[in-house]
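Me: I am new to this structure and would like a close look at a single part of it. Please take one part and go through it in detail, then say what else in the chain deserves a look.

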Amino acid sequence: MNILIKNGTIVNSDKSIEADILLANGKIQNIGNDLSLNDFKGRIIDATGFYIYPGGIDPHVHMHLPSPSGFSSDDFQTGGKAALYGGTTTLIDFVTPNRGESLIEALNLRKDEAKNSLTDTFFHVSPVEWRSTTHSEIRELIQKHGIQSFKTYMAYKNSVGLDDADLFEVMKAVAHEGGVVTVHCELGDEIEILREEFAKTDLPVPEAHLLSRPPEMESEAVKKAIDLARKANCPLYIVHVSSAQSLVHIAKAQKEGQIVYAETCPQYLLLDQSKYSCPFDEAAAFVISPPLRTKEDNDALWKAIADGNVQTVGTDHCPFTLVQKSVGKEDFRKIPNGAGGVEHRMSLLYYYGVLQNRISLNKFVDITSTNAAKIFGLFPKKGIIAEGADADIVIWNPTKENIISVETHHQNCDLDIYEGLEIVGAPEFVILNGNIFVGERILSS
Ligand code: URP
Ligand code: ZN
Ligand code: ZN
């Protein structure tokens, strides 16, 4: 089905232009003024008053993530649907092998789990240990399987976390083979000690979670990861940065010319740690790692986006239901960590970022799509509205108003950390590889 989009404003990360767009065979075939309608066979969308963005790319989601209290409650279908409703057409999820399992084997199993994915879906692969075969597996993944990025954890030492020596080996191997290492920065051993200590207190459970993961644990890990990456000459991407203290190390390394990218998430821009003072049933939704920080941290992260020190905003979408969260009602260490947000990312960043003058519209496209495409090897197929690119298109209604609620969201969860938040701006149409997935205003065909 060919689609002609008329009269919209195309917004890319570098500039905005008024032009029509012709989509054919899943690609953007033509961009121009007054593209002719003569003999056009297909659908015409009138985008007057709307913005046209490249499809959103969420570089950090965990669909169907196994945890001791069951899988995260969205799978690739339900989570993909929610993503599309929010204007995100591409997800980058994770391959997390069991220790002892080959990375290739784990990738194949994960691809099978994701085969019904509604979005385009790619993966970061996690080496969860250093073995004699790890380097050759990394090479094979890059050369034969198109994997670009390798996710490491400094936290979660008992399950997926790497110690510093193994992290360094992974960085050296990935650098040698031409990939990028992404890293969850929290000092794993120190956090385990704090968790044990706080488990012995009678502090309310969500507050114990907050206090057991202070911002220094993140910033010290960020500093260490940057130092190791510099020695290994490895491009580094730091996921879900939550604190101002971490930004200091990131900005310094970037200024010195090191390749260090930073990602934050809407929850670290818009929510703060006061949420942990609520009763368990309310506060449990916010038990995520790293935890929410202060309003000053929120502001520092917005500034870092505007200044170019933070390149991407992912969601770390990893929802758990109240029943799943309640497993830890008596022991905060048992609460599954994570929250959803894949559906709301674009609207939250548009309303609280663009409309509240924190970022420009072009920066919005940069952090929701273009930079992730560039960093993770998807550009220029994705991340840009240009002739020859994939026809992943969001036609954005800048005035549509909504209040976020579990009653109306598409995420498969009875909790929503953004419950009650006002948003303005939402997709009117979402097109993936030339197919319309979301949209009611098809004017002629
Ligand atoms: O709380 C979180 N973030 N859960 C998902 C796993 C991770 O650390 O990214
Ligand atoms: Zn993480
Ligand atoms: Zn994550």
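Reply: A residue counts as buried when its relative accessible area is under 20%, as exposed over 50%, and as partly exposed in between, using a 1.4 Å probe and the protein chains only. The model is a predicted one, in which local features need pLDDT of at least 70, side-chain atom pairs count only at pLDDT 80 or more, and totals for chains, interfaces and linings use all residues. Residues are numbered from 1 along each chain as its sequence is written, chains are lettered from A and ligands numbered from 1 in the order in which they are written, and side-chain values use heavy atoms, with hydrogens and water left out.

The part chosen here is the pair of zinc ions. The zinc ion (ligand 2) and the zinc ion (ligand 3) are 3.6 Å apart. A donor is an N, O or S atom within 2.8 Å of the metal (3.2 Å for Na, K and Ca), and sites may look incomplete because water is not among the atoms.

Take the zinc ion (ligand 2) to begin with. The protein offers it two donors, ND1 of His184 and NE2 of His240, lying 2.1 Å from the ion. These histidines come from distant parts of the chain and are 56 residues apart. His184 belongs to strand S10 (residues 180-184), while His240 sits in the loop between strand S11 (236-238) and helix H8 (244-255). Helices (H or I, at least four residues) and strands (E, at least two) are DSSP runs, numbered from the N terminus. Both His184 and His240 are buried.

The zinc ion (ligand 3) has a different set of protein donors: NE2 of His60, NE2 of His62 and OD of Asp316, at 2.0 to 2.1 Å. Written along the chain, the spacing of these donors is H-x1-H-x253-D. His60 has a relative accessibility of 0% and so counts as buried. His62 is buried too, because its relative accessible area is 7%.

What is the geometry of the two sites? Each has four donor atoms, with angles of 56 to 148° at the zinc ion (ligand 2) and of 87 to 137° at the zinc ion (ligand 3). Four donors are tetrahedral if all angles lie between 85 and 135 degrees; four are square planar and six octahedral if opposite donors are over 155 degrees apart and all others between 65 and 115; anything else is irregular. The site of the zinc ion (ligand 2) is irregular, and so is that of the zinc ion (ligand 3).

Other places in the chain can be read in the same way, starting with the backbone. Most residues other than glycine have a negative phi, and most peptide bonds are trans. The peptide bond from Ser289 to Pro290 is cis, with omega near -5°. Pro290 is placed in the loop between helix H10 (280-283) and helix H11 (295-307). Another cis peptide bond joins Phe379 to Pro380, where omega is about 5°. The loop that holds Pro380 runs between helix H14 (361-375) and strand S14 (393-403).

Two residues have a positive phi without being glycine. Tyr156 has a phi of about 55°, and its place is the loop between strand S9 (149-153) and helix H4 (164-177). With 28% relative accessibility, Tyr156 counts as partly exposed. Asn357 has a phi of about 60° and lies in the loop between helix H13 (345-354) and H14. Asn357 is exposed, because its relative accessible area is 70%.

Helix H14 also contains Ala372, which is buried, with a relative accessible area of 1%. Leaving aside residues up to four places away in sequence, Ala372 touches Ile57, Pro59 and Thr312 (contact means heavy atoms within 4.5 Å). Ala372 and Tyr268 are 104 residues apart along the chain, and 18 Å separate their C-alpha atoms.

Glu196 is part of helix H5 (residues 188-199). At 40% relative accessibility, Glu196 counts as partly exposed. Glu196 and Ser212 are 16 residues apart in sequence, and from C-alpha to C-alpha they are 8.8 Å apart in space.
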